[in-house]
Amino acid sequence: MATRIEKDPLGELPVPTEALYGVQTMRAVLNFPISGLRPLEPFVIAQVWIKKAAAMTHRDTGRLDARRADAIIAAADEVLAGEHRDQFIVDPYQAGAGTSHNMNVNEVLANRANELLGGARGTYTPVHPNDHVNMAQSTNDTIPTNIRLAVLRQLPALLASLDALHAAMANKGVEFDGIVKAGRTHLQDAMPIRLGQEFTAYAGTLARCRKRVVEAADYLNDLGIGGSAVGTGVTVEPEYPARMNTHLRAITGIRSLRIGSDRIQLMQSMGDAAAFSASLRVLAVDLSKIASDLRLMVSGPRTGLDEIALPAVQPGSSIMPGKINPSIPEMVNQVCFQVIGCDTTVTIAAEHGQLELNVMMPVIAHNVLLSMQILTSAISVFSSRCVEGIIAHADMCEYWVERSAALATALMPQIGYAAAADISKRSVKEGTLIRELVAKEAILPPDELEAVLDLRKMTEIGVPSGKHGSVAAG
């Protein structure tokens, strides 16, 4: 590979001739051959947004001449249009704070800006990565700002996928409202519930999760850009934060961005990112529980519950012909496990800041953005390839609910707890339905028995009772 020689404060190093990145990026590549991963796309885009906004701001104030500023802006626009993405190569597991990522972006934009001005890669004239692309900036205020922008950029897609899944669950709640099934607690027989009520509750859970995510995301609108090295704003013009906010709102389309009131606090603390990550963890916990419920309900088809059927998306076994597995819910479970693990990493990393800076920002950024990416995709697939196509097996729901030992609970107001418990135990031991046993022994008159064991009424608030009243009243 042909190389050029570049120099930084540590000395000289060969850099691939065709590379838009430079010597500091090359050092990072050599120092951190850790995962083989590259920075996630939102982490790149947000950093380029910041560089473009800074060039525009310095052009406004006259601190950076228009010729250099326009070249940096043009280089940034190329990246934002999808070009040069292969030039951002620093492993997510890198030096603290994200200095390597920041310099990778600085070097790429500087080299491309110089080319646009007729210069050569690696010369850093007339545009220098530190003096011009990074003017009045520090890794320490750009990376925290990057995390906020990158998350907010991904938020609409996550919310859209959640909205689609919520709608699918709510529609199934309506569709299945007339189907009464056995409720289960502790994986044991419990009182009847409607299949539609279960799906309506899933929709409600997702709505609450969405609200938490939105509330946590709002804190990320507060930007600490302009804090420079330690949050105090050294080397930064007083008008810089407000102008940056104006330009970033226009560039990103995120109109909710705000000028942070305390840039030192916003640099010290990763609490806002951690809180957002925690909202994703709660979403993952609830989502995984829903996926697991569907796996239980679809278990069978002959040796399980078989209360619903999921769309068949692939053969389920390489050896057992005809086997169909709940593949999509299984994928959702795995994604949720990963998100919970990502949040653990974010939590530990957010705690591990010292004094004026949290140096663990690269791993925080990677894990929060990864969680958003995989949740968005998984939720979308869950909705379109699973939930929307669920079919209820009403006959199996009826079969199991009639055999539930918990139906004896409805008799309790009439005959008391002890007598109802005895009937429940005898029903299980003798293999007889509660309804049949009560009728056989004439424990209640037929019309009263029918009223007390009305399965639909058991799924609504109220006290099961017949015309003879309850044992307590007697």
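## Cavities, salt bridges and a surface patch

Helix 6 (139-175) and helix 9 (263-268) each put at least two residues into the lining of the second largest cavity. This is a predicted model, so keep that in mind as we walk through it. Helix 6 is the main contributor to that lining, with four residues. The full set around the second largest cavity is Asn 140, Asp 141, Pro 144, Thr 145, Gly 224, Arg 263, Leu 266 and Met 267. Sorted by class, that lining is a mix of three nonpolar, three polar and two charged residues, and the space enclosed comes to about 50 Å³.

How many cavities of 30 Å³ or more are there? The count is four. The largest cavity has a volume of about 70 Å³, and its lining has no charged residues, just seven nonpolar and two polar ones. Helix 12 (residues 361-385) supplies the largest share here, four residues. The lining of the largest cavity consists of Pro 39, Leu 40, Phe 43, Pro 92, Gln 94, Pro 362, Ala 365, His 366 and Leu 369.

Now for the charged pairs. Side chains of opposite charge can pair when their charged atoms come close. The model has 29 salt bridges in total. One of them joins Asp 343 and Arg 281, at 2.9 Å from N to O. Asp 343 sits in helix 11 (residues 327-351) and Arg 281 in helix 10 (residues 271-297), so this pair ties together parts that are 62 residues apart in sequence. Asp 343 counts as buried because its relative accessibility is 3%, while Arg 281, at 31%, is partly exposed.

Helix 10 also holds a pair of its own: Lys 289 and Asp 293 are four residues apart there, about one turn of the helix. Their closest N and O atoms are 2.5 Å apart in a salt bridge. Lys 289 is partly exposed at 47% relative accessible area, whereas Asp 293 is buried at 15%. Elsewhere, salt bridges with shared partners link Glu 78, Arg 112, Glu 115 and Arg 121 into one network.

Buried or exposed: what about Glu 6 and Arg 4, whose side chains meet in a salt bridge at 2.7 Å, N to O? Glu 6 is buried, with 3% relative accessibility, and Arg 4 is buried too, at 11%.

Finally, the surface. Ile 34, Leu 37 and Tyr 93 make up a nonpolar patch there, with about 280 Å² of accessible area together. Ile 34 belongs to the loop between helix 1 (23-31) and helix 2 (41-61). With 52% relative accessibility, Ile 34 clears the over 50% cut-off and therefore counts as exposed.

Technical notes: Residues numbered from 1 in each chain as written. Predicted model: local features only at pLDDT ≥ 70, side-chain atom pairs only at ≥ 80, totals over all residues. Heavy atoms only, no water. Patch = residues over 30% accessible without salt bridge, like charges linked within 9 Å, V, L, I, M, F, W, Y side chains within 5 Å. Areas by Shrake-Rupley, 256 points an atom, 1.4 Å probe, with all protein chains shown as cover. Salt bridge = Lys/Arg side-chain N within 4 Å of Asp/Glu carboxyl O. Buried < 20%, exposed > 50% of the residue type's maximum accessible area, 1.4 Å probe, protein only. 1 Å grid on protein atoms, 1.4 Å probe; cavity = no way out; pocket = protein on both sides within 12 Å on 5 of 7 lines; lining within 4 Å. Points joined across faces, edges and corners; volume = space filled by probe spheres on them. Nonpolar A, V, L, I, M, F, W, Y, C, P; charged D, E, K, R; others polar.
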